[in-house]
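Trainee: Please take a close look at a single helix and at what surrounds it.

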Amino acid sequence: MNSALIVIDVQESFRQRANWAATDNPDIVGKVNRLVEAQRAKGELVVWILHSEPGSGSVFDPERGFNRPIEGLEPGADEPVLVKSSHNAFTTTNLQQLLTQRGIREVLISGIRTEQCCETTARVASDLGYDVTFVTDATATHPIEHWDAPEGRTLEEILADPRTLTTDAIVARTEYALAGRFARIATVDELTEELTGS
């Protein structure tokens with residue numbers, strides 16, 4: 001076993017938010033499943049990460065019942081499911097210990113959101129000495145409002161604001177920031193071909 005596919009926050013919580021309608025990757029479940037199947041077929045590790053904000057009352061509060069993989073994703077019985085409360089998947093979990101115990105040296109990053117929990121996890125993994133592959137088209141994100149935009153706007157108002165950062169811009173910036181510094185950028189097609197040899 002040489003690699004671990006890290007599936008970050010692909011959870012029902014995100015589908016409860018209005019901005020899910022503006023996600024750049026509505027087929028993220030299909031893309032992640034392709035990676036999971038290829039990783040399993042090669043006998044490699046899959047680790048599932050869920051984000052939790054206990055007591056917040058948000059869609060990430062476990063009391064709300066949305067802290068589970070999006071329908072269509074199913075962790076295997078022997079696949080770790082870790083719960084984090086930080087942006088990256090390492091700081092508030094035992095992920096590093098788990099990877100060290102299993103001799104993992106390469107991590108493959110997928111999940112939600114591209115520029116937030118996925119990018120942050122990739123950066124931390126790189127700093128910890130892992131070889132990192134960032135599978136951009138197996139991540140998803142949403143448009144980001146300008147930092148001083150008024151609160152409580154509708155999705156339509158957010159999308160109409162010329163200062164809103166588009167998903168294309170977010171993905172491009174993330175890849176520019178990671179490539180050659182923190183991670184190798186790959187597609188689902190490229191990675192499944194590498195994993196399956198076909």
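Mentor: Helix H4 covers residues 114–127, 14 in number, and spans 18 Å from its first C-alpha to its last; this is close to the 20 Å expected at 1.5 Å a residue, where the expected span is 1.5 Å times one less than the number of residues. Helices (H or I, at least four residues) and strands (E, at least two) are DSSP runs numbered from the N terminus. The model is predicted: local features need pLDDT of at least 70, side-chain atom pairs count only at pLDDT 80 or more, and totals for chains, interfaces and linings use all residues. Residues are numbered from 1 along each chain as its sequence is written, and side-chain values use heavy atoms, with hydrogens and water left out.

The buried residues of H4 (under 20% relative accessible area, 1.4 Å probe, protein chains only) include Cys 117, Cys 118, Thr 121, Ala 122 and Ala 125. The buried residues of H4 pack against strands E1 (3–8), E3 (81–84), E4 (106–112) and E5 (131–140), and against helix H6 (167–178), contact being heavy atoms within 4.5 Å.

After H4 comes Gly 129, with a positive phi near 100°. Tyr 130 lies in the loop between H4 and E5, and Phe 90 in the loop between E3 and helix H3 (95–101). Their ring centres are 6.1 Å apart with planes at 25°, so the pair is stacked (centres within 6.5 Å; planes under 30 degrees apart). The pair therefore ties together parts 40 residues apart in sequence. Tyr 130 is buried at 5% relative accessible area, and Phe 90 is buried at 7%. Arg 105 lies over the face of Tyr 130, 4.8 Å from the ring centre (CZ of Arg within 6 Å of the ring centre and within 35 degrees of the ring normal).

Methods. Buried < 20%, exposed > 50% of the residue type's maximum accessible area, 1.4 Å probe, protein only. Phe/Tyr/Trp six-rings, centres within 6.5 Å; stacked < 30°, edge-to-face > 60°.
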